[in-house]
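Work through the exercises below with the structure open. Try each task before reading its solution.

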Amino acid sequence: MRSPMLRAVRAEWTKLRSVRSTPLALIALIALSLLLTVASANGSTFSYAGPKKYDSSTFVHRTAAGDGTFTVRVAAQQNSAAWAKAGLLLKDGTASGSSYAALMVTPEHGVRMMADGEHELTGSGGADAPLWLRLVRSGDRVTGYESADGRAWTRVGTLTVAGLPTAAEAGLFVTSPVDGKEERTGPGDLRMHPVATLGRAVFDHVAFPAAAGAGGWRQADIAQPVKKGEKEEMADPVAAPKPYREHDGTFTITGSGDLGGLGMGGVGQLGGQPDLVKMALDDGIQIATIAVIALGVLFITSEYKTGTVRTTFTASPRRGRVLAAKALVLGATVFAVGLVACVAEFLVARPALRDNGFAPPLFPELSLTDPATVRAIVGSAAFLALAAVLSLGVGALLRRAVPAVVLMIVTFVVLPIVAQSTSIGFSDFVGRATPTAGLAVQQTRRLLDTVVTPWVGFGVLCLYVAVVLGAARWRLAGRDV
């Protein structure tokens, strides 16, 4: 024998699928979300006109003949930029663009090893100065190591550098690239302006093979040439690198510029990257919300309009159980259809965004199996389901379709639009304290205008649903139909 709750759920499912507006609303959910996703993805473009490779730094070097082991400790590094670099460099001369192998530490991205702006290896992701670095050359193969104490060494990897001559320049280098400073100039308006930076690093425990030929340490300020067709970065003035200082084997070097290839070591990534997953889902989900609002409100107000709600409560006198059954059936149905729509949005938007410039190596390849992407897609479907259930609760409170639909559209659609045209403070309030906070579940990256974390925002929406359903349950029990 079925329990009363199961009977109530079955009865509400029968009602939902028999109502004419149900298939129309669900079809509209998928159609509207896909149409707006296509329009949004095709209207979003990105282009990069800078150099494909960077090779500019302050290089304190001397000539090293043949194979050998090169060791140094980066005792300190100024955090002038997240991708500032300091470390060891083996190079074919001192001209920008000549063949090289480099092992470096960065303030915020750990240890990296590069060769010729074409190959990159990642060492310890969280390591920063003080840190020991070592390059071991054997012919055209260069192997990198890192160590926290100079005794226990961890291998970063080996790269082949065919263009490295027998007598190469070996030394210490410092770079600090143009940094993108973002600022909020209005609701939904992020502006980025490039600012040149000057890095500084202190090296000690320098152990190199004997120098070949005459001369000791020399400083080369390697400059990046601007080729025809490349757009030179516009940046604030920055002081020129100072001559290096050496005292009792400790080197202090300043430098600017960058080293690496496009997409390697932060090259080309000026400022914060957009959240591509949210871009793929956001607009489609917001327009689909209108369809689920109508479905949620009509699911209960249509019974008040026709009077069939009396029959419903006669057959199931426990009105709270009826409301719970309606919420369960409505939420599950919208979630299932919304999940299909969200997956379709992602699959449609992914190639469009890639074709419009949001592609490797500057942008990650979007994957449907990435945990953050899965959370955003499933969370978006859950957002639609909760929006429908919240609309059901508002419909149960007001018992009239038009005012309930208007109130929900004002909450989910009009209020965010108004917030985007007023002030940052009001926009942040709407994004943090209204049901639209639930859209934060789509976020896969923390951005400057992020006002609430994904699960906190989703929790705010859940709280609204719980409060409204509780109020609707109280009203159903306290008043006759």
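**Exercise 1. State what share of the residues is buried, and how much surface the protein exposes.**

Solution. The model is a predicted one. Step one: take the 481 residues of the protein; 47% of them count as buried. Step two: turn to the surface. About 21,600 Å² is exposed, and 59% of that comes from carbon and sulfur atoms.

**Exercise 2. Set the radius of gyration of the protein against that of a compact globule of 481 residues.**

Solution. Step one: get the reference. A compact globule of 481 residues would have a radius of gyration near 23 Å. Step two: read the model. The protein has 30 Å. Step three: add the extents. The C-alpha trace spans about 100 × 50 × 35 Å along its principal axes.

**Exercise 3. Describe the secondary structure and the sequence range of the contacts.**

Solution. Step one: count elements. The protein has 9 helices and 18 strands. Step two: take the contacts with a separation of 6 or more. Residues 24 or more positions apart account for 74% of them.

**Exercise 4. Find how many charged side chains of each sign there are, and how far apart the centres of the two sets lie.**

Solution. Step one: count. There are 46 positive and 37 negative side chains. Step two: locate the centres. They lie 16 Å apart.

**Exercise 5. Place Ala196 and decide: buried or exposed?**

Solution. Step one: locate Ala196. It sits in the loop between β13 (189-195) and β14 (199-207). Step two: apply the cut-off. Ala196 has a relative accessible area of 18%, so it is buried, as buried means under 20%. Step three: check Pro177. Ala196 and Pro177 are 19 residues apart in sequence, yet 6.6 Å apart in space, C-alpha to C-alpha.

Notes. Residues are numbered from 1 along each chain as its sequence is written. This is a predicted model: local features need pLDDT of at least 70, side-chain atom pairs count only at pLDDT 80 or more; totals for chains, interfaces and linings use all residues. Side-chain values use heavy atoms; hydrogens and water are left out. Helices (H or I, at least four residues) and strands (E, at least two) are DSSP runs, numbered from the N terminus. Buried means under 20% relative accessible area, exposed over 50%, partly exposed in between (1.4 Å probe, protein chains only). The radius of gyration is taken over C-alpha atoms; the globule rule is 2.2 Å times the number of residues to the power 0.38. Contact means heavy atoms within 4.5 Å. Accessible areas come from the Shrake-Rupley method with a 1.4 Å probe; for residues, only the protein chains shown count as cover. Lys and Arg count as positive and Asp and Glu as negative; His and the chain ends are not counted. The place of a charge is taken as NZ of Lys, CZ of Arg, CG of Asp or CD of Glu.
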